[in-house]
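Student: I would like to go through this model step by step. Please keep the answers short.

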Amino acid sequence: MKTRHIFGSLAAAILTFVGVSACSDNYDAGLMPTKNQLELKVDGHASAFSVDYGAAPDNNIKVEVESNSLWKVSIECEGGWCTADKMTGRGNETITLSILENINKERSARVMVYIVDAEGEAVTNEGTTSIEMTLKQAVSDVSLSPSSLEPFEAQNPRSQEFTIVSNVNWTLDVTYEGENPTEFVSITPISGMTPEFNGTFSGSAGATFRMTLQDNRTAADRKAFLNLVSEVSRYTIEVTQTKSSYTFDVTPSENQNVGPEGGEIPFGVLSPNSGWDAVCSASWVTLSVPSVAEGSLSRVETVAQIAPSDGQYRSTQILFKPRDDRYPQQTVTIVQTGVEVYFAAGRIDNVGVVMETGEYIRVEVDSRFNWTASAPSWINLYRTSGNGSGTFDAYVYANYSDENRNGFITITPEITYTQEGIELNPTAFGLVPVSIGVTQFGGREAAISVPWLVDNYAQTSATVEFNFYSPFYNVVEAGLEWSREDGSGADYMIISPSDRKDCTVSFNLIDLDPATRYIARGFVIDELGNVKYGDWSYPFTTGGRYPNSGDNPTPSN
């Protein structure tokens with residue numbers, strides 16, 4: 001009765017095992033021996049036995065079945081970590097078991113091989129008709145020894161050998177403390193490990209390796225970390241190397257900022273038993289280096305004299321070089337800040353076409369520079385120069401001719417001096433005059449203003465607008481034509497205006513080249529199909545693209 005109870009449980013387990021096919025039970029009854037002739041062995045065992053396996057995965061565990069009959073296999077394991085390539089067989093055959101890596105706790109599986117009749121039912125008989133194999137799997141284990149280290153000396157450090165004990169896959173790498181650290185640890189494999197990329201090593205079992213340190217010639221302790229990592233654990237060993245007994249020190253060692261007016265920066269240099277030199281390639285930095293006696297230990301002062309700038313940002317480095325190569329060189333960056341510059345101008349009302357009668361226009365200037373203004377004779381400027389930001393009025397005289405006329409109010413930035421006496425040259429900052437187009441209606445054709453650049457411009461995009469006025473014919477479409485100043489890259493855009501008589505139209509230009517001069521001209525198409533171009537083109541320059549974001553010149557007219 002006990003044997004029947006076991007087979008009943010196994011039959012239930014078999015029904016739940018994925019991969020068992022019903023057609024595999026269609027045995028040939030004529031091949032079945034009599035019950036007293038049944039034979040069964042599993043891996044040479046005629047009774048229950050147990051096998052131990054490590055934690056690593058294995059897809060090739062061979063189990064030999066010896067029998068003179070039909071047989072089946074059932075497997076009981078929590079979570080399905082043990083599987084077989086076949087669940088039925090006849091006579092002598094090999095079963096291949098596969099197990100997954102064990103990363104949690106020790107576990108076991110029951111693999112039962114039992115004789116069945118022609119209908120696939122378990123056979124009970126006096127003698128051996130079933131054999132149970134218990135498969136035990138150990139849990140993963142990873143360790144690194146020695147697990148801790150005493151600090152290493154700065155010069156001529158000893159090598160250290162390590163042992164890895166593991167039954168799973170692992171990787172080993174070295175990391176360092178601090179930003180931009182010196183990589184002073186090297187790993188030499190002895191056995192059981194394979195070099196990978198970026199200084200990483202790997203293995204799946206035990207291994208040994210040797211760690212070697214470079215001399216520490218710096219004035220500070222430094223640290224590295226050996227990291228042994230597997231799926232179940234992480235071991236980290238801290239490696240400390242003491243600072244050098246030699247010292248070469250520069251104070252201050254951090255970056256130094258100087259205003260555009262220039263000035264002096266003193267540095268204290270401590271150099272035992274070694275002379276040293278200070279070098280800077282920038283023409284605007286002058287170094288005063290005192291004479292230093294060889295073999296003396298003293299902190300001496302050297303001075304960096306920074307010349308006034310033209311208001312633009314600039315930077316350089318001073319290299320302090322000890323003459324004894326046991327000491328590391330030290331570099332200090334000098335940053336001379338720039339003056340904030342800006343220059344822009346435009347019409348406050350943004351209307352591009354005026355009627356034939358006289359009309360006032362108000363102009364706004366936003367400038368760090370002094371500036372001058374000019375215009376054609378039919379436009380009277382109430383202000384022709386200024387210092388900084390402000391507004392001024394212009395009067396457009398009445399147009400008594402039948403012809404439209406076009407002109408520019410041009411605002412030009414001039415050389416300006418700061419309170420500290422720094423000369424700001426607009427040309428050095430890539431700034432050019434701003435021209436504000438004015439179109440005055442005088443005839444019967446549609447009047448088209450000179451386009452103007454609105455605020456949302458950038459390095460590779462710009463928004464350009466112009467105004468038209470058509471007293472006789474409706475305007476069906478309005479367009480903008482533009483190209484580079486040399487005539488290349490011509491393109492155009494057409495839109496439908498919201499008002500067919502008097503309207504300001506806007507065009508968003510993209511994919512422009514940075515720091516490039518463009519020419520734009522407006523045109524309209526009336527209801528009769530006539531194309532009317534504006535009499536004046538508008539030049540504008542996109543913003544630059546430079547290594548430092550603060551160096552980008554302002555896009556301009």
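Tutor: Contact here means heavy atoms within 4.5 Å. The model is predicted.

Student: What share of the contacts with a separation of 6 or more comes from residues 24 or more positions apart?

Tutor: Take the contacts in the chain with a separation of 6 or more. Then pick out those between residues 24 or more positions apart. Their share is 67%.

Student: How many helices and how many strands does the chain have?

Tutor: Both counts cover the chain. The tally is 1 helix and 46 strands.

Student: What percentage of the residues is buried?

Tutor: Buried means under 20% relative accessible area. The chain has 557 residues. The buried part of the chain is 42%.

Student: Which share of the exposed area do carbon and sulfur atoms supply?

Tutor: The chain exposes about 28600 Å². Of that area, carbon and sulfur atoms supply 46%.

Student: Now the interior. Which strands each supply at least two residues of the lining of the largest cavity?

Tutor: The structure holds 1 cavity of 30 Å³ or more. Its lining includes Ala447, Ile448, Lys532 and Tyr533. Residues 447-448 form one strand and residues 531-533 another. The two strands are S38 and S45.

Student: How does the lining of the largest cavity divide by class?

Tutor: The lining residues are Asn404, Asn406, Thr439, Ala446, Ala447, Ile448, Lys532, Tyr533, Gly534 and Asp535. Gly counts as polar in this scheme. The division is 4 nonpolar, 4 polar and 2 charged.

Student: How much space lies in the largest cavity?

Tutor: The value is an approximate volume. The largest cavity holds about 30 Å³.

Student: On to charges. Is Lys86 buried, partly exposed or exposed?

Tutor: The structure holds 10 salt bridges. One of them joins the side chains of Lys86 and Glu93, with N to O at 3.0 Å. Lys86 has a relative accessible area of 25%, and Glu93 has 24%. Partly exposed runs between 20% and 50%, so Lys86 is partly exposed.

Student: Which strands does the pair of Arg362 and Asp393 link?

Tutor: Arg362 forms a salt bridge with Asp393, and their closest N and O atoms are 2.8 Å apart. The pair links distant parts of the chain, 31 residues apart. Arg362 lies in residues 359-367 and Asp393 in residues 390-396. Those strands are S29 and S33.

Student: What are the relative accessibilities of Arg362 and Asp393?

Tutor: Arg362 counts as partly exposed. Asp393 is partly exposed too. The values are 42% for Arg362 and 25% for Asp393.

Student: Where does Asp513 lie?

Tutor: Arg484 forms a salt bridge with Asp513, the closest N and O atoms being 2.9 Å apart. Arg484 is in strand S41, and Asp513 is 29 residues away. Arg484 is partly exposed at 27%, and Asp513 is partly exposed at 29%. Asp513 lies in the loop between strand S43 and strand S44.

Student: Which residues do salt bridges with shared partners join into one network?

Tutor: Here the salt bridges share partners. The network joins Glu76, Arg110 and Glu132.

Student: Why does Gln160 count as buried?

Tutor: Gln160 is in strand S11. Beyond residues up to four places away in sequence, Gln160 touches Pro146, Leu149, Phe152, Phe209, Arg210 and Met211. Buried means under 20%. Gln160 counts as buried because its relative accessibility is 17%.

Student: Which residue is joined to Pro146 by a cis peptide bond?

Tutor: Most peptide bonds are trans. Pro146 lies in the loop between strand S10 and S11. Omega at this cis bond is about 0°. The partner is Ser145.

Student: What is omega for the cis bond from Thr251 to Pro252?

Tutor: Pro252 is found in the loop between strand S19 and strand S20. The peptide bond from Thr251 is cis, with omega near -5°.

Student: Last, backbone phi. Is Asn180 buried or exposed?

Tutor: Most residues other than glycine have a negative phi. Asn180 has a positive phi of about 50° and sits in the loop between strand S12 and strand S13. Its relative accessible area is 75%, so Asn180 is exposed.

Conventions: Residues numbered from 1 in each chain as written. Predicted model: local features only at pLDDT ≥ 70, side-chain atom pairs only at ≥ 80, totals over all residues. Heavy atoms only, no water. 1 Å grid on protein atoms, 1.4 Å probe; cavity = no way out; pocket = protein on both sides within 12 Å on 5 of 7 lines; lining within 4 Å. Points joined across faces, edges and corners; volume = space filled by probe spheres on them. Helix = DSSP H or I, 4+ residues; strand = E, 2+ residues; numbered from the N terminus. Buried < 20%, exposed > 50% of the residue type's maximum accessible area, 1.4 Å probe, protein only. Areas by Shrake-Rupley, 256 points an atom, 1.4 Å probe, with all protein chains shown as cover. Salt bridge = Lys/Arg side-chain N within 4 Å of Asp/Glu carboxyl O.
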